[in-house]
Amino acid sequence: MRKERKFKRFLSVMVVQSLGVSIYSAEKFTVPVFKIPHAKVPAKMLHLQSAQMLLRLEKCLRKSLPESLKVYGTIFHMNQGNPFKLKALVDKWPDFNTVVIRPQEQEMTDDFDHHTNTYQIYSKDLKNCHEALSTSDVINWKQHLQIQSSQPSLDEVIQNLATTKFIKVKQTQRILYITPEMAIKLLPSLPETKNLPPGYSRPKASNQECFKSHPWMLPTLPW
């Protein structure tokens with residue numbers, strides 16, 4: 001007896017990564033999907049809600065700069081009042097491996113609004129990251145979405161997930177800019193920061209306008 005088949009249309013996906021920022025876009029296409037009995041209930045990531053947890057997460061992420069920069073900056077703003085009402089999720093606590101920042105579910109009502117349907121990810125363990133994202137429902141893969149990260153190694157995880165979920169993605173790179181003051185404060189170990197001449201963190205009055213137009217740029221990472 002032939003198995004009953006039904007077809008499911010997958011929505012496109014856009015994924016963004018940052019320190020460079022990479023954007024992955026996908027086309028709609030149709031694939032066969034078979035009914036699977038006794039499907040597993042998706043795993044849940046832990047939602048960090050207390051101020052102490054978020055402050056501790058910020059402190060931990062700071063130790064992983066520059067790869068954690070995108071998520072670290074968002075957690076920093078969440079600890080300053082969380083103006084965009086984002087939520088932070090981890091695979092476990094306090095010894096987390098993977099962090100996902102995303103909007104509240106009630107804000108993500110438009111399946112085609114990839115500006116709202118945006119996720120930020122950092123992981124200390126890529127294998128754990130792949131497992132966390134593939135077995136949980138933290139990311140709604142049926143929507144147009146973006147994933148942002150300052151972690152070049154995350155590219156392989158995203159590409160593998162896209163393959164298993166029958167999603168074609170396209171990567172586009174972007175560059176993240178940072179002021180000298182912030183670079184010296186957050187990234188003192190970077191060779192580019194160490195090589196800044198004395199007094200470079202405070203532009204002179206004569207070149208302030210030039211500085212505003214040309215902020216200091218972090219090195220482009222190979223992807």
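Two strands are taken to pair if DSSP finds at least two bridges between them, and in this predicted model Val-99 of strand S7 stands opposite Tyr-122 in S8.

**Figure 1. Overview of the protein and its secondary structure.** The protein comprises seven helices and 10 strands, and of its 223 residues 41% are buried. Among the contacts with a separation of 6 or more, 67% are between residues that lie 24 or more positions apart. The protein exposes about 13,500 Å², of which carbon and sulfur atoms supply 54%.

**Figure 2. The open sheet of five strands.** The strands follow one another in the order S5-S6-S7-S8-S9, forming an open sheet whose pairing is mixed. Strand S5 (46–48) and S9 are the edge strands, each of which pairs on one side only. From one strand to the next the twist averages 30°. S5 and S6 are antiparallel and are joined by three bridges, with Leu-46 having Val-90 in S6 as its bridge partner. Helix H1 lies across S5, S6, S7 and strand S8 (118–123), and it runs at about 95° to S5.

**Figure 3. Strand S6 and its pairing with S7.** S6 is mostly covered, since five of its five residues are buried. Leu-86, Ala-88 and Val-90 point one way from this strand, whereas Lys-87 and Leu-89 point the other way, and all are buried. In a regular strand the side chains alternate between the two faces of the sheet. S6 and S7 run antiparallel and are joined by five bridges; Leu-86 stands opposite Pro-103 in S7, and Val-90 stands opposite Val-99 in S7.

**Figure 4. Strand S7 within the sheet.** Six of the six residues of S7 are buried, so this strand is largely enclosed by the rest of the structure. Thr-98, Val-100 and Arg-102 point one way from S7, while Val-99, Ile-101 and Pro-103 point the other way, and all are buried. With S8, strand S7 runs antiparallel and is joined by four bridges, and it is here that Val-99 stands opposite Tyr-122.

**Figure 5. The largest nonpolar core.** This core has 22 residues, and those that touch the most other members are Leu-57, Leu-61, Ile-75, Val-99 and Ile-101. At least two residues of the core are supplied by each of helix H1 (51–62), helix H2 (69–78), strand S6 (86–90), strand S7 (98–103) and helix H5 (180–186). H2 provides the largest share of the core, with five residues. Apart from this core lies another one, of 19 residues, among them Ile-121, Val-138, Ile-139 and Trp-141. In soluble globular proteins, nonpolar side chains tend to be buried together.

**Figure 6. Ile-101 and the buried residues of helix H2.** When residues up to four places away in sequence are not counted, Ile-101 touches Val-71, Thr-74, Ile-75, Met-78, Leu-86, Lys-87, Ala-88, Thr-118, Tyr-119 and Gln-120. Within H2 the residues Leu-69, Val-71, Tyr-72, Thr-74, Ile-75 and Met-78 are buried, and what covers the buried residues of this helix includes H1, S6, S7, S8 and H5.

**Figure 7. Phe-96 in the loop between S6 and S7.** Phe-96 has its place in the loop between these two strands, and at 3% relative accessibility it counts as buried, because buried means under 20% relative accessible area. Leaving aside neighbours within four places in sequence, Phe-96 is in contact with Leu-57, Cys-60, Leu-61, Val-90, Asp-91 and Lys-124. Phe-96 and Cys-60 are 36 residues apart in sequence, and their C-alpha atoms are 9.7 Å apart in space.

**Figure 8. Gln-146 in an edge strand.** Gln-146 belongs to strand S9 (residues 146–148), which is one of the edge strands of the sheet and pairs on one side only. With a relative accessible area of 8%, Gln-146 is buried. A polar atom of the Gln-146 side chain lies 3.4 Å from the backbone oxygen of His-114.

Key: Residues are numbered from 1 along each chain as its sequence is written. This is a predicted model: local features need pLDDT of at least 70, side-chain atom pairs count only at pLDDT 80 or more; totals for chains, interfaces and linings use all residues. Side-chain values use heavy atoms; hydrogens and water are left out. A nonpolar core is a set of buried Ala, Val, Leu, Ile, Met, Phe, Trp, Tyr and Cys residues joined through side-chain atoms within 4.5 Å. Buried means under 20% relative accessible area, exposed over 50%, partly exposed in between (1.4 Å probe, protein chains only). Contact means heavy atoms within 4.5 Å. Accessible areas come from the Shrake-Rupley method with a 1.4 Å probe; for residues, only the protein chains shown count as cover. A polar contact is a pair of N or O atoms within 3.5 Å; within protein, one must be able to donate a hydrogen and the other to accept it, and residues adjacent in sequence count only if both atoms are side-chain atoms. Axes are lines fitted to C-alpha atoms, for helices over the stretch in contact, and angles run from 0 to 180 degrees between N-to-C directions.
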